[in-house]
Amino acid sequence: MPERSKIPDPSLARLATVYRALLDSQRNGRKSLNSLDLQELTGIAATQIRKDLSHLGEMGKPGVGYDIGDLKRRIAERLNLSRRQKFAIIGAGRLGQALASYPGLVEFSFKLAALFDVDKKKIGKVVNGVAIQPAAEISKNLRRHRVRIAVLTVPASAAQGAAEAAVQGGARWILNFTPAHIAVPAGCVVRNVSFTNEFAVLAHFVEK
Ligand code: NAD
């Protein structure tokens, strides 16, 4: 079995898209799919899908469709989605609360474990069953609940401090929605997410 880190990032993202399609198909009562079905559902070329799936090892006989349950299990194992992952959101403003309320993350085995903010008016408010806690307690609470994933939805000026508190509490994986560059110790992983950048890229293609 190849190491988890050997799958290139673009393949990981496409496998996540395939996983989403498998969840939807299973909900619609389907039992199997072939790579052309997956192409139709995801917009990813069937040849590319087969290449990405080759990271999961032997994939059965060519020409025969994939068993959805089996493929889902194999992607989940490889992407580490088969075990529940707790995450915390730091910054319970517009974006933080929207993410906290999004039900789709549960299907990917992510469980919101904590929400933090500095605004006294927000502390104690319950979002998706989780009470907003004071940011001063980030390190203590992450450590106590063994939360290793932190999502940053604070203003850019507060991002580095929030990341440091999360790392001090044992977080090693950070999803950074802020526009700030975050410096973390070796061994930590930061993924930067920007819808705004996506808009900017789209703007480039809009006819003048
Ligand atoms: P917001 O002002 O609604 O929310 C920010 C929240 O963070 C507030 O509730 C504030 O009290 C809290 N906060 C401030 N300092 C804090 C600290 N030290 N610890 C914990 N909480 C703290 O802002 P928003 O619109 O939700 O945006 C949040 C962040 O996400 C911003 O950095 C924004 O630039 C970014 N953002 C990114 C994208 C993207 O495409 N990646 C899209 C929208 C917003």
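Is Ala92 buried or exposed, and at what relative accessibility? Ala92 counts as buried, because its relative accessibility is 0%. Keep in mind as you look around that this is a predicted model.

**Around Ala92**

You will find Ala92 in the loop that runs between β3 (85-90) and α5 (94-101). Leaving aside residues up to four places away in sequence, Ala92 touches Gln97, Leu115, Phe116, Asp117, Lys122 and Ile132. Val151 is 59 residues away from Ala92 along the chain, yet the C-alpha atoms of the two are separated by 10 Å.

**The chain as a whole**

Now step back to the full protein chain. It has nine helices and nine strands, and its C-alpha trace spans about 60 × 50 × 35 Å along the principal axes. Of the 208 residues, 38% are buried. Among contacts with a separation of 6 or more, 57% are between residues 24 or more positions apart. The chain exposes about 12600 Å², and carbon and sulfur atoms supply 56% of that area. As for charge, there are 31 positive and 17 negative charges, and the mean positions of these two sets are 7 Å apart.

**Helix α2, from end to end**

Helix α2 covers residues 35-42, and its buried residues are Ser35, Leu38 and Thr42. Seen down the axis of α2, these residues fall within an arc of 55°, so they line one face of the helix. What do they pack against? Their partners are α1 (9-27), β1 (32-33), α3 (46-53), β2 (66-67) and α4 (68-78). On the face turned away from the buried side, α2 carries the exposed residues Leu36 and Glu40.

Both ends of this helix are worth a visit. At the N-terminal end, Asn34 acts as a cap, with a side-chain oxygen 3.0 Å from the backbone nitrogen of Leu36. After α2 comes Gly43, which has a positive phi near 80°.

**Two non-glycine residues with positive phi**

Positive phi values also turn up at Ser109 and at Arg146, neither of which is a glycine. Here they are side by side.

| Residue | Phi | Loop between | Relative accessible area |
|---|---|---|---|
| Ser109 | near 70° | α6 (104-107) and β4 (110-117) | 17% |
| Arg146 | about 50° | α7 (138-145) and β7 (149-152) | 70% |

Buried means under 20% relative accessible area and exposed means over 50%. Ser109 is therefore buried at 17%, whereas Arg146 is exposed at 70%.

**Gln133 and its neighbours**

One more stop is strand β6 (residues 130-134), where Gln133 lies. Which residue's side chain is joined to that of Gln133 by a polar contact of 2.3 Å? The partner is Asn141. Asn141 is also one of the residues that Gln133 touches, when those up to four places away in sequence are not counted. The others in that list are Ala114, Leu115, Phe116, Asp117 and Ile123.

Some of these names may look familiar from the start of the tour. Leu115, Phe116 and Asp117 are among the residues touched by Ala92, and Gln133 touches them as well. If you have the structure open, these residues link the Ala92 loop and the Gln133 strand in a single view.

Methods:
Residues are numbered from 1 along each chain as its sequence is written. Side-chain values use heavy atoms; hydrogens and water are left out. Helices (H or I, at least four residues) and strands (E, at least two) are DSSP runs, numbered from the N terminus. Buried means under 20% relative accessible area, exposed over 50%, partly exposed in between (1.4 Å probe, protein chains only). Contact means heavy atoms within 4.5 Å. Accessible areas come from the Shrake-Rupley method with a 1.4 Å probe; for residues, only the protein chains shown count as cover. Lys and Arg count as positive and Asp and Glu as negative; His and the chain ends are not counted. The place of a charge is taken as NZ of Lys, CZ of Arg, CG of Asp or CD of Glu. The arc is that of the directions from the helix axis to the C-beta atoms. A polar contact is a pair of N or O atoms within 3.5 Å; within protein, one must be able to donate a hydrogen and the other to accept it, and residues adjacent in sequence count only if both atoms are side-chain atoms.
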